[in-house]
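This briefing is for a reader meeting the structure for the first time. It takes up a sheet, then the contacts between chains, then the domains.

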Amino acid sequence: MSSDRIFDVESVTLRFGGVVSLNDVSLHQNRGEILAVIGPNGAGKTSLFNSLTGVYQPQEGSITFLGRDSKPISIIGKKAHRVSSAGVARTFQASRMFSALTAFENVKIGAESHKGIGVLGAMLKGPATRRGEKTSDLKTAQLLDFVGLTDKANIVSASLSYGDRRRLEIARGLATDPQVLLLDEPAAGTNPSEKVQLTELIRKVRDVMGVSILLIEHDMKLVMSLAERLYVLNFGSVIAQGTPAEIRANDAVIEAYLGSSADQTKGA
Amino acid sequence: MGGFGHYLASHLVTMRKEFWFLFVGGVANGFLYGMVAVGYTLVYGVLRLINFAHSEIFMSGGFAGYFVMKALIGTSSPNGFATVYLIIIGIVAGGVVGAVVATLLERVAYRPLRKRNAPKLAYLISAIGASYFLFNMAGKEFGRYSISVPQPYINHTVFTIFGAPVQLYYIVILIAGVIMLLGLDRVVATTKLGRSIRAVAQDAETASLMGVNIDRTIALTFIVGGALGGAAGFLFGLGTGVVYTMGFTPALKAFTAAVLGGIGNLRGAMIGGLLLGVAESLSVVFVQAAYIDVVAFGILVAVLLFRPTGILGERLGRAA
Amino acid sequence: MKSILTHQLFRRFITAAAVLAVVAVMTGPAGSTEAPTAGFTGSFSERSSFFGFFETVRWVPFLFLALVFFGVWTLWLSRGAQIKSGVSQVMQVPRAATQRRPVRWGIGVVLLFVALILPHVINDPFWQAAMVEQIAVYVLLAIGLNVVVGFAGLLDLGFVAFYAIGAYVTAWVTGALPTPPLFGIHMDPFFAIPIAIVIVMVAGIVLGVPTLRLRGDYLAIVTLGFGEIITIFANNLYGITGGSQGTSLIPHFSLHIGPIKYVWGLAPVPYYYLTLVFVVIFLLAFSLLEHSRVGRAWTAIREDEVAAESVGINPLKYKVMAFAIGASTAGFAGVVTASQSNNIFPSSFSLAFSINILVLVIFGGMGSIFGVVLGALLIQTGSMYLLHSPPAGYQSSDLYIYLGALLVVMMIFRPAGLVPSRRRRREIVLSEAGEGHMNEVLTGDQP
C-alpha cells in the first residue's frame, strides 16, 4: 500500500437481500487526485459512495482511508459521523441542505460539528466557547467567500438556486476539514453557466485547499475536463479504469453505455 | 420415596393443567389482540403511520356492544339460538360503531393533514389529541366507572383439555376471531378493495397513476380496520366489562403484536397477536400478575431494538 | 345543476353546525351508563343563559354561534388572504422590535417583575396554590419537554416518568420511603434537587441510548410504555415505594445557613418564589443552549439526520442529550411537588400528565421558548379557572376533552403553535411543499 494513496478499496461486495449492489469492487485514489466514477444509472455509484462514507456496511472486502498523517483507517463498520470526523466529506445526489436554516448556519454546523459537545460550556458561554464561536464564524465566512456565496449568507437555504445549493453543500463539506470530498452528481440540475463555475470551484478546492476529489457525474463533458483518472462501474462491477483519453477509447465502456442506457451519454 | 414420587406426579398434573388453562386464555386474548393489531397494520400499510387513536375505536365498539346487549337482554338470561344471534348482533354493532368512529377519525384528524402533506409528527400529535378527546368524551357521556356487559349466555365450561376448563366465552372469541381474520385475509387477498389496499401500501403514487382512488382506499381501510377493532372491543367487553379507558392497554398490546409480526404485514399481525397473547398469559408463571403489562412492553422494546421488521417482515403488499 | 346537498355553502353550513354541535356536547351536561343519551340531549335541550342576556334552551345560542362561525368562515374564504396580509403588516413593527436583543431582555425583565409581585396582588388562596402547583411547575415542565419535542424533534410521551422519579428520589433521600434513605440520613429536600436531577438524567440516558435510535412513532410508544411501567412499579413495589398508598412523610424545604434558618411551610408563596428562581435559571440555560452549537446540531438532526451525520454530528449522542436535559426539569419539578405537598401517590403519575405537558408545548409552539411559556401560562390558568369556578355540567376530567380537541385543532390550523419558532414554521412550510427530509427522520423511510 503506497503512502500517497487516500482511499484503498479492496474487493468490496455489498448486497441488499438477494440484490448485489457492488460486486467485488476494487479501486484506489491517490492523495490530491481528482478521481471520477462513472457508469449508467443503477451501476452502483451511489452505493459505492454510501459505502465509502459509512452509510452502508458492505458484507465483504475492505475500505481503507488514509486520513490525516496518512494513518490507515478502516471505514467498514464505522458510523457515518465517525467517517466524517476522520476526514471524509460528501455531498448528496439530490442536495440535502438543512433547508430551514440560512446558508451561513448550514456551513457553521459543518464547521463546529467536530468539536466536543460540552453542554455546560455551550450554555454558559464561557470564554472558550466564545472563542470557538468566533473561529467558526470566521471559517464559515471564509468558506462562503471561497464558494462565492457571501452575498447569500443570510438566505434560507431552501430558497437558493440549484447551483447555489450545490456550492453551499461543498462549503458545508469543506467546513469539516476533510482530506477528501465526495461529490455525488454535483452538476445535476444546474444550467450551463453554473456548470462552468462549478467545474472551476471543484478544481479550486483541490488546488487551493489541497482536498482530494472523488466525483460521480453523468455529465461527460464535465467529467472528462475535470477528472485525472476514471473508474467505470456497470452492474456493480468495475469494468474499466484509466485516464479520460483511455476511457474514451475503451470498447467495454462504450458497450456499457450504448448497451444499457444510451440516453445517459446525451449529456456529454 | 413413594410419597415424593406421588407428590411430583400430582404436581406435574397440576402444572400441566395450569399450563393449558393459561394457554387457552392466552389464545383467546391473542385473537382479540390480532383483531386490533390488523387495524394498526392496515392503516400503517396505506398511510405509513401508526394510528394512535385505534384504542378509542376499540373502546367505542365495546360501548356499542354494551348498549345493544343491555337493550336486548335486559335481565333475562338467554341461551341456545338466542345466544348465537345476540353475539352476532353485538359483533355487528361493535363493528359498525368502530367503523363509524374510524371514519370520523380519518376525516377529522388525518385527512386535513394529508391534504396539506403535513410532517408525520403532526399526524401523531393529532391522533393523540383525537384519542384523548374520544375516550374522555365517552367518560363524560357514559360515566367513568367500569360496568359489566349483560351476558348473552351463561358462561360455563364446555369441555376440558388435560383437566383445564375451556369456557364458552373463549370459544365465542375463537370462532368469531377465526371467521373475521380469515375473512379479512381473503378480502385483502382476492377482492378489488384488497388489491387497491395492497397497491396503495406498496406505492401510493404509482397506484394513483394506475387509477386507484387513494382517498377512497384510505377511507375503506379505516372502515375495515375500525370494524374489526370495534368487534374486538365488544368481545373484550363481554368478558371484562366496559369503561372509557378500556382501549388503552389492549391497544398498546395489539400494537406490540403488530410490531412483533412485522408492522404492515396482515398475517404477521394475526400471528403476532396469538404469540403475544400466549406469551403474556404464560408469563404469569414467572412474574406476578401485576407485571404482565411490563412483560408485553418488554417484548415490544426487544422486538423494536433487535428485529424492528418483526417476524414476517414489513410488507402489506407482499404478505397478504 | 348542483343539487342542494352538494352545494358548497350548504356543506359549509353543515360542517359549521356539526362543529358547534360537538362543542355543545363537550360543554354540556354529563350522562351516565343508566342514561347514556342524557348528556347528548341535555346539551341541546337544557336551559341556560344566552350570554347573560336571557335564558333559553341551549341549542339556540349554539345555533347562533354556528351561524356566526359559518359567516366568519365564508368571510375568511373570500377575504382571508387580505386579512392575513393586513395582520402581518400591522405585526411587522412589533415583530421586528421583538427580534432586537434589548427589547427581548426588556420584555423578560418586565415579565419577571410581574411574576415577582403577582403573589402580592392575588390573595385568593386557591390561586396562590395554583400558581405554584399548576402554573409555575408546569411552565418549568413545558420548557423542559420543549427541549425534547421542540429542539430535538423527539415525541416523548413518557415525560411523567422523570417527574415521578424526581418525586420518589425526594421521598427516598428525605427518608419518607420504606427503603432506607441514601447515606442512611434523612436529608433536606434541597439535597434532593441535585441528586434527583442527576438520577433523572441518568435514567434519561439509560432509556435513551437504546430507544432513541428508533423512528419517531415507535419512540412515542416506547416512551409512553416507559411512563406506564414506572407507575406499575411504583404501585407494586410495596417494600420500596410504599405501593399504591404512596407516602405522606416528605418534609418541606428548609435552609440552615449559619444563623439563618428558614423553613418552607404549608404556605404556597415561598414555594412559588423557589420555583420561579429555577424557572428563570432553566429558561436562561435553555435559550442559551438553543442558540449554541448544541442547538444548531439539534436543528440539523431534526431537519435531515443523514446530512447531519455526513458533517460529523452523532445523532444519537445529541438526542440522548436532549432527552436527559429535558428530563432534568421534570426531575426538579418532581422534587418541588413532592416537598410542597408532602406526599406522593403513584396514581398522580399518569399518561394524562405527560399529555398535558405535551399540549402546553404544542399549543405554545414547539421549539419556541417564549411560545411554550406563554402556552403553559394560558392553558394552565385556563384549566385552573375551570377548576375554580366550573361552568354548569363541567367535571374536572372534562379538561382532557378540551386538551385533546385542542391538539387536533392546532395540528389542522396552526401546527407551529401560537408563537411559532421561526425555524419550526419554516420547516413545516417546507415539508408541506415537499422540501427537506423531515418525514424520513421520523419514519425511517430512507430512499
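In this predicted model, Ala89(A) stands opposite Leu181(A), a residue of strand 7 of chain A. Strand 7 (residues 180-184) pairs with strand 6 of chain A in the parallel sense, over three bridges. The points below begin with the sheet that holds these two strands.

**The sheet in chain A**

- Six strands of chain A make up an open sheet with mixed pairing, and their order is 6-7-8-3-9-10.
- Strand 6 (88-90) and strand 10 (237-242) of chain A are the edge strands, each pairing on one side only.
- From one strand to the next, the twist averages 20°.
- Helix 1 (residues 45-52) of chain A packs on the sheet. Helix 1 of chain A touches strand 3 (34-38), strand 6, strand 7, strand 8 (212-216) and strand 9 (229-234) of chain A. The direction of helix 1 makes about 150° with that of strand 7 of chain A.
- Helix 7 (residues 192-209) of chain A lies across strand 3, strand 7 and strand 8 of chain A, and runs at about 150° to strand 8 of chain A.

**Contact between chain A and chain C**

- Chain A brings 29 residues to this contact and chain C brings 30 residues.
- On the side of chain A that touches chain C, helix 2 (80-86), helix 3 (103-112) and helix 4 (119-124) of chain A each supply at least two residues.
- Helix 3 of chain A gives the largest share of that side, five residues.
- By class, the side of chain A that touches chain C has twelve nonpolar, nine polar and eight charged residues.

**Contact between chain C and chain B**

- Here 47 residues of chain C are in contact with 44 residues of chain B.
- Several helices of chain C each supply at least two residues of the side that touches chain B, among them helix 2 (38-45), helix 14 (351-364) and helix 16 (399-413).
- Helix 8 (216-236) of chain C is also in that group, and helix 8 gives the most, with eleven residues.
- The side of chain C that touches chain B divides into 27 nonpolar, 15 polar and five charged residues.

**Domains of chain C**

- Chain C is divided into domain 1 (8-86) and domain 2 (106-443).
- The centres of domain 1 and domain 2 of chain C, taken over C-alpha atoms, are separated by 35 Å.
- Six residues from domain 1 of chain C and seven residues from domain 2 of chain C take part in the contact between them.
- The side of domain 1 that touches domain 2 of chain C has three nonpolar and three polar residues, and no charged residues.

Terms used
Residues are numbered from 1 along each chain as its sequence is written. Chains are lettered from A and ligands numbered from 1 in the order in which they are written. This is a predicted model: local features need pLDDT of at least 70, side-chain atom pairs count only at pLDDT 80 or more; totals for chains, interfaces and linings use all residues. Two residues are in contact if their C-beta atoms, placed from the backbone, lie within 7 Å. Helices (H or I, at least four residues) and strands (E, at least two) are DSSP runs, numbered from the N terminus. Ala, Val, Leu, Ile, Met, Phe, Trp, Tyr, Cys and Pro count as nonpolar, Asp, Glu, Lys and Arg as charged, and the others, Gly among them, as polar. Domain bounds come from an automatic or database domain assignment. Two strands pair if DSSP finds at least two bridges between them. Axes are lines fitted to C-alpha atoms, for helices over the stretch in contact, and angles run from 0 to 180 degrees between N-to-C directions.
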